[in-house]
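Me: Please take a close look at one part of this model for me, namely the charged side chains that pair with one another, and explain how they are placed.

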Amino acid sequence: MPSQKAFSSGSTLPPLEAGTLRIYSMRLCPFAERTRLVLAHKNIPNEEVNINLTKKPEWFMEEINPLGKVPALQKDDKIIYESGVCSDYLDQVYPGNKLTPDDPYQQAKDRILVEHFGQVTTQYYKLLLGKPDGYSAAAETLNKLLLEFDKELQKRGHFFGGEKPQMVDYMIWPWFERFPAMEQLVNQTFLTDGSKTNLAAYVNRMSDIPAVQKCRLPVDNHLKFYQSVKNGAADYDVGLE
Ligand SMILES: N[C@@H](CCC(=O)N[C@@H](CS)C(=O)NCC(=O)O)C(=O)O
């Protein structure tokens, strides 16, 4: 297996073989994980190139994504980026194990939910990038939002997609995977406070899904990564030999 270590400035863009699908990722990035989950769910063969987002390779912005963000996908002469766009593209282009509901109204409702979840990620990044005096306010807002998602899940079923995980689940799951690490990092409770029983059961159910098992990293890796971010020296190779 090729190295998972992140490519940094000064590196050379590894050549891409014709017909191979490549994802530009960062092992700890929740947005990249969205697209990795879709790749895993649909069993799409791909190769992964990880990017050091602090010392980005020059070729990454020049040749792959002018926005400088992961994920991005490349195959032959096609390059796309933005996690939602990449994930929808894969679901349209690769048949089988469809993740998007056929009903346009349900599709719209799911997209609204993902949009709404953006409020959760905003608070999440206040915790990751902010100072300790702002932790309890951000945690309070985050918990109020999670209560709304807990109620919504009750209406929808075992998963946000209903009786099986759908695109909507893979778009929000990466942050659920990281909550235990965030709880430890900022010494707050989100899903372990006993008030969101539906979401707690959801986490257990999602943990049994093969794509989730394939893509997830241990809590300890997420925590060490977050600590490295807080210390101003993000370690993109955390957990690797
Ligand atoms: N809207 C983008 C956000 C992706 C994103 O922010 N990725 C982060 C890593 S978790 C990144 O690449 N950051 C590098 C940068 O912003 O320079 C998406 O959905 O793909």
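**Charged pairs in the model**

Reply: In this predicted model, the side chains of Arg 156 and Asp 110 meet in a salt bridge, with 2.8 Å from N to O. The pair links distant parts of the chain, since Arg 156 belongs to helix 5 (residues 135-156) and Asp 110 to helix 4 (residues 104-129), 46 residues apart. Arg 156 is buried, its relative accessible area being 15%, and Asp 110 also counts as buried, at 8% relative accessibility.

Within helix 5 there is a further pair, Glu 152 and Lys 155, whose side chains form a salt bridge at 3.5 Å, N to O; these two residues are three apart, about one turn of the helix. Glu 152 counts as partly exposed at 23% relative accessibility, whereas Lys 155, at 68%, counts as exposed. Through salt bridges that share partners, Asp 110, Glu 152, Lys 155 and Arg 156 are joined into one network.

Another salt bridge brings together the side chains of Lys 42 and Asp 91, at 2.7 Å from N to O. Because Lys 42 lies in the loop between helix 1 and strand 2 while Asp 91 lies in helix 3, this pair ties together parts that are 49 residues apart in sequence. Both Lys 42 and Asp 91 are buried. As for the surroundings of Asp 91, helix 3 (residues 83-93) lies across strand 3 and strand 4 and runs at about 130° to strand 4. The count for the model comes to ten salt bridges, and those described here are among them.

Conventions:
Residues numbered from 1 in each chain as written. Predicted model: local features only at pLDDT ≥ 70, side-chain atom pairs only at ≥ 80, totals over all residues. Heavy atoms only, no water. Contact = heavy atoms within 4.5 Å. Axes fitted to C-alpha atoms, helices over the stretch in contact; angles between N-to-C directions. Helix = DSSP H or I, 4+ residues; strand = E, 2+ residues; numbered from the N terminus. Salt bridge = Lys/Arg side-chain N within 4 Å of Asp/Glu carboxyl O. Buried < 20%, exposed > 50% of the residue type's maximum accessible area, 1.4 Å probe, protein only.
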